[in-house]
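Biologist: Could you take one part of this model and walk me through it closely? I'd like the surroundings of the ligand, and then whatever packs behind them.

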Amino acid sequence: MSDVLDHIPGFGDLRVDDAQVSAFEMARSELAGALDIPLEEIELGAVVRLDRGFPMIATRCGGMLRAEHAVDFAKGKPGKRGKRSKRAAAEVASSAGVDGMLPSVGDVVAVRVTPGHDMGVILRVLPRRTSFERWRGKNRGERQVLAANIDVIFIVQPLGAERDTLPLMRDRVARSLVLARDCGADPVVVLTKADRCDPAEVADACDALRRLAGAGVHVIATSARTGEGLDEVRACIPRGSVGMILGESGAGKSTLLNTLLGTDALDTNAVRERDDAGRHTTVARIMVALPEPCGVIADCPGLRSLPLVGHERGLARSFPEIVEASRACRFNDCTHLHEPGCAVREGVDCGEIDQTRLDAFLALAREMRVSAQSLDPDIHL
Ligand SMILES: Nc1nc2c(ncn2[C@@H]2O[C@H](COP(=O)(O)OP(=O)(O)OP(=O)(O)O)[C@@H](O)[C@H]2O)c(=O)[nH]1
Ligand SMILES: [Mg+2]
Ligand SMILES: [Zn+2]
């Protein structure tokens, strides 16, 4: 048993690209001027843990500290530096170019580190290479950034759960693929708990999900008990890359990470026997650095639902052959269901397009049209 803090990545374990470093250099001069503070007090850092406390930042200089956000700090939320009025907050925010963008795990930030203070202040969230976002709320039009600068998303789905029929698994995996592609990360499907099924069942599930996910997406059956598939998972997260783990509570996300770490650093909990449901054991977003030659993965709380709202880009990236074929449909607004001259259905007939993928595409496209309409009644179905 080891502490999760032993495995928190340092700045050098994360991938901060040249664009982010130059954005930082520019932000640093601007912020130092606007706030009238020494340049050396502003450091480049990355958010490696987000929990109920202040975000934890690994800095380029090798430090690890908790940091409050400049906007909260300025708004007078209780912090170590005392209170400020809302008015002062606005001034600080505007003069310093603090844009109010909230940091998420994986974010690269400009952080103020003042000698003698153990708490930093996040002054700016730097441009994100990728941003994994989820719809939040009904009609509020808000998206929540669950993680930033992620290269690989592990879509975790347990095998051998009675309530998870193949259609349900397909639906969840299809949604996750769209979300992952939407943010620009590469998806990998990881089926956990393979030891609970016989090999034929495992093979069937893998085949079905491979067919759905299409070429170029790995589908890996794993077991934390037998070690099956773990090397394949490791191969998907080489050193220098950053992953996150996505799946329902109880899917075995933290257990998988512990197995990859080789120690029980992350808390796990038995699922409810009656229905295999998890207990929402993980409540924080915590990055862990895997042993060489692997990179970093963020453990995340289980997500119950994955609504798709405005993820058209992700849909198009997940089903490129369907989008490509649809350009040749006779009607621009072809639904690919019944129209004459539908190139997509022709593609299915001649075996170029998989019916399973088309079904998934149509269901998700329709869901997105319905959700868009509920937000904007002028959009017609
Ligand atoms: N048989 C078997 N059980 C597993 C495997 N992996 C995980 N489990 C069990 O599944 C249960 C839930 O695992 P967790 O790792 O806590 O699940 P989680 O996805 O992190 O759940 P949350 O933190 O609640 O989101 C635990 O009892 C694990 O022992 C596996 O490969 N085989
Ligand atoms: Mg967990
Ligand atoms: Zn068509």
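Modeller: Sure, here is a walk from the ligand shell through the helix that feeds it to the strands and core behind. Bear in mind that this is a predicted model.

Start at the ligand. There are 26 residues around ligand 1, and those that come nearest are G252, T255, T268, T282 and G302. By character, the shell splits into 15 polar residues, six charged ones and five nonpolar ones. The biggest contributor is helix α7, residues 253-261, which supplies three residues to the shell.

So much for the ligand side; now the helix itself. Most of α7 is covered, with seven of its nine residues buried. Those buried positions are K253, S254, T255, L256, L257, N258 and L261. T255, then, is buried and is also among the residues that come nearest to ligand 1. Among the elements covering the buried part of α7 are the strands β8 (152-158), β9 (186-192), β11 (242-246), β12 (285-289) and β13 (296-299). Right after the helix, G262 has a positive phi of about 80°.

Of those strands, β13 is a good one to zoom in on. Both of its faces are covered: V296 and A298 are buried on one side, and I297 and D299 are buried on the other. On the β11 side, the pairing with β13 is parallel and runs over three bridges, with M244 opposite A298. With β12, β13 pairs in the antiparallel sense over four bridges, and here A289 has V296 as its bridge partner. A hairpin of six residues links β12 to β13.

Next, the core. Nonpolar side chains in soluble globular proteins tend to be buried together. In this model the largest nonpolar core holds 97 residues, and I155 and V288 have the most contacts inside it. Helix α4 puts in the largest share of this core, with eight residues. Looking past its neighbours within four places in sequence, I155 is in contact with V173, S176, L177, A180, P187, V188, V189, V190, L246 and G247.

That brings us to α4, residues 166-183. From first C-alpha to last, its 18 residues reach 26 Å, close to the 26 Å expected at 1.5 Å a residue. The rest of the structure largely encloses α4, because 14 of its 18 residues are buried. And just past the end of α4, G184 takes a positive phi of about 95°.

Terms used: Residues are numbered from 1 along each chain as its sequence is written. Chains are lettered from A and ligands numbered from 1 in the order in which they are written. This is a predicted model: local features need pLDDT of at least 70, side-chain atom pairs count only at pLDDT 80 or more; totals for chains, interfaces and linings use all residues. A residue is near a molecule or strand if its C-beta atom, placed from the backbone, lies within 6 Å of it. Helices (H or I, at least four residues) and strands (E, at least two) are DSSP runs, numbered from the N terminus. Ala, Val, Leu, Ile, Met, Phe, Trp, Tyr, Cys and Pro count as nonpolar, Asp, Glu, Lys and Arg as charged, and the others, Gly among them, as polar. The expected span of a helix is 1.5 Å times one less than its number of residues. A residue is buried if 20 or more other C-beta atoms lie within 10 Å of its own, exposed if 12 or fewer, and partly exposed in between; C-beta atoms are placed from the backbone. A nonpolar core is a set of buried Ala, Val, Leu, Ile, Met, Phe, Trp, Tyr and Cys residues joined through C-beta atoms within 7 Å. Two residues are in contact if their C-beta atoms, placed from the backbone, lie within 7 Å. Two strands pair if DSSP finds at least two bridges between them.
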